[in-house]
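Colleague: Got a minute to walk me through this one? I'd like to go over the symmetry, then the DNA side.

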Number of protein chains: 2
Amino acid sequence: MYVSAWSANPVSADYLASTLCRNMERQVATRIAQQGALLKVQSDHIIFHEGDESDSVYEIVKGMVKLYKLLPDGRRQITGFVSAGDLMGLAHKDTFTHTSEAVTEVVLFRIPKARFDRFVDEVPGLARSLLNAAQDELHFAHDQLLLLGRKTALERIASFLLTMTERFGELVEGGTTSIPVPMRRCDIADYLGLTIETVSRGLSRLKKDGIVKDLNGGRTMLVDQDRLIDLSAGDDCVDM
Amino acid sequence: MYVSAWSANPVSADYLASTLCRNMERQVATRIAQQGALLKVQSDHIIFHEGDESDSVYEIVKGMVKLYKLLPDGRRQITGFVSAGDLMGLAHKDTFTHTSEAVTEVVLFRIPKARFDRFVDEVPGLARSLLNAAQDELHFAHDQLLLLGRKTALERIASFLLTMTERFGELVEGGTTSIPVPMRRCDIADYLGLTIETVSRGLSRLKKDGIVKDLNGGRTMLVDQDRLIDLSAGDDCVDM
DNA sequence: CGGGTAATTGAATTCGGTCAATTTGGGTGG
DNA sequence: CCACCCAAATTGACCGAATTCAATTACCCG
């Protein structure tokens, strides 16, 4: 049993976040909430393993989770970091396609897949809104293919910081933005297809150039978003 | 106008392939078919550009299409090769997220996005089946992230040939499978995050080892699926 | 039978990886 | 409160897989 740290609690509709219940009547949200339960998972604990029977769907309520795939010899690719409002375990296969591990302490909403599937079929517009979410994820995955296939180490690191900025950044002042960086170097490396040494060197370089500053021992960073955009090879300069 | 080679024809429901109309009553398929038209596109012609207004949804009826993204300096990442039964242009954004180019001569079914969206909302189960298709694509994209982030050149080439085998392979005899390889070396390279030289060297290596044989000037190949599975770093040896 | 593009092969280069040595910093217990 | 411990991060030196640059060969098409 990999998740020894779980503790289930009753749940109210208030916890159900964006993806699942956005554009949904409160009544329906409450009905869904009643079918599942909240769980707390300690950081570094595994939530589910690739290949396990996927009997549940999860929504992140709080904290950050990493999803990854492994090669037989242990090489690892993190396919994404998910956070509040994101869903996991949706694939219509009967096994999980990723391993899921808590980056920080995490609160999850868990609902049996069979019940979730009933809601998808019964609640008008839910399948559609999940389809939109899946297509957004797909779009993001394709950007990541471009990153892994064609960007240099420094471009990847800049792109990563930029993504964190877009998702979690809080504008501070004078063109600097504060971003949380809860994951370890080895997680960043396995997300960017690099080694921890290369990630470290890249970040040092960005610090030396004044584009990035550590705040509380690296858990938070101050970044210059504009210069990151330049460095990330104009990630989106064409279509944004 | 990038697609000078298009020619529109009347369309019957017979052309509508798997993704769109699988599990759908013939009557509905016919209704959808009446809302769109067939187009023929010559090989190497562009079907739509990344950033263009996405006013249509396409289903490939015949042939193969490549989808790619570009960096400002011209570096290219092919995110996928799509073929009969696959859909393009589904994203709910109002612009295309990829450029789409015909690898072979292609026949497409094209339907205005607004009409398509009406069907998605009206036809029971269509949103659900599109959701499943999107999740399969997502799963595939994540496998490709692992390939680009963590596999060696030879592993990538073996994985690519294996994917082609699974999608298009026809068992010949004695453990060999025949696969079509309609794309150029530079397409394979941009799909695998490599250069044409590295792809060429890898294929030469596989030929020397008797794992791959050219058939009609490289357009078709005979491959040893089992040995490809080994070489691809056990791509799916865990979950299959 | 050429002509031109695509593919292959070879040699030199380089970016990122590997191996190894320090440094940093958060947590713990005296 | 501080010294110690240990994991994580950083830095340095060297190495190697894949790229780059360059030359040759194969192949499709008129």
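Modeller: Sure. Keep in mind that this is a predicted model. Chain A can be laid on chain B with an RMSD of 0.0 Å, using a turn of 180° and a shift of 0.0 Å along the axis. The two copies are thus related as by a two-fold rotation axis.

Colleague: Which C-alpha of chain A is nearest the axis?

Modeller: That of A:Leu131, at 2.4 Å from the axis.

Colleague: And through what surface do the copies meet?

Modeller: They meet through the same surface, because 100% of the interface residues of chain A are also interface residues in chain B.

Colleague: What does chain A have in the way of helices and strands?

Modeller: Chain A has eight helices and 13 strands. It runs to 240 residues, and buried ones make up 54% of them. Taking the contacts in chain A with a separation of 6 or more, 71% are between residues 24 or more positions apart.

Colleague: OK, on to the DNA. Which residues come nearest to DNA strand D?

Modeller: There are 16 residues around DNA strand D, and the nearest are A:Arg185, A:Ser200, A:Ser204, B:Ala153 and B:Thr198.

Colleague: What part of strand D is within 4 Å of the protein, backbone or bases?

Modeller: Both show up. Of the strand D atoms within 4 Å of the protein, 64% belong to sugar or phosphate, and the rest belong to bases.

Colleague: Which side chains have polar atoms by a phosphate oxygen there?

Modeller: A:Ser204 is one of them, with a side-chain N or O atom 2.4 Å from a phosphate oxygen of DNA strand D. A:Lys207 is another, where a polar side-chain atom lies 3.1 Å from a phosphate oxygen of that strand.

Colleague: And which residue has a polar side-chain atom by a base oxygen of strand D?

Modeller: B:Arg201, where the distance to a base oxygen of DNA strand D is 2.8 Å. As for secondary structure, the elements giving two or more residues to the surface near strand D are helix 7 (196–208) of chain A and helix 7 (196–208) of chain B.

Colleague: Which helix gives the most?

Modeller: Helix 7 of chain A, with five residues near DNA strand D. By residue class, the surface near strand D divides into two nonpolar, seven polar and seven charged.

Colleague: Now the other strand. Which residues come nearest to DNA strand C?

Modeller: A:Ala153, A:Thr198, B:Arg185, B:Ser200 and B:Ser204, out of 16 residues around DNA strand C. Sugar and phosphate account for 67% of the strand C atoms that come within 4 Å of the protein.

Colleague: Which polar contacts are there with strand C?

Modeller: Among them, a polar side-chain atom of A:Thr195 lies 3.2 Å from a phosphate oxygen of DNA strand C. B:Lys207 has a side-chain N or O atom 3.1 Å from a phosphate oxygen of strand C. On the base side, a polar side-chain atom of A:Arg201 is 2.8 Å from a base oxygen of strand C. The elements giving two or more residues to this surface are helix 7 of chain A and helix 7 of chain B, and helix 7 of chain B gives the most, with five residues.

Colleague: Last topic: how many disulfides does the structure hold?

Modeller: Zero, over all chains.

Colleague: Is A:Cys186 buried, exposed or partly exposed?

Modeller: A:Cys186 counts as partly exposed because its relative accessibility is 31%. B:Cys186 is partly exposed as well, with a relative accessible area of 32%.

Conventions:
Residues are numbered from 1 along each chain as its sequence is written. Chains are lettered from A and ligands numbered from 1 in the order in which they are written. This is a predicted model: local features need pLDDT of at least 70, side-chain atom pairs count only at pLDDT 80 or more; totals for chains, interfaces and linings use all residues. Side-chain values use heavy atoms; hydrogens and water are left out. Copies are superposed by least squares on the C-alpha atoms of residues with pLDDT of at least 70 in both. Contact means heavy atoms within 4.5 Å. A residue is near a molecule or strand if one of its heavy atoms lies within 4 Å of it. A polar contact is a pair of N or O atoms within 3.5 Å; within protein, one must be able to donate a hydrogen and the other to accept it, and residues adjacent in sequence count only if both atoms are side-chain atoms. Helices (H or I, at least four residues) and strands (E, at least two) are DSSP runs, numbered from the N terminus. Ala, Val, Leu, Ile, Met, Phe, Trp, Tyr, Cys and Pro count as nonpolar, Asp, Glu, Lys and Arg as charged, and the others, Gly among them, as polar. A disulfide is a pair of cysteine sulfur atoms within 2.5 Å. Buried means under 20% relative accessible area, exposed over 50%, partly exposed in between (1.4 Å probe, protein chains only).
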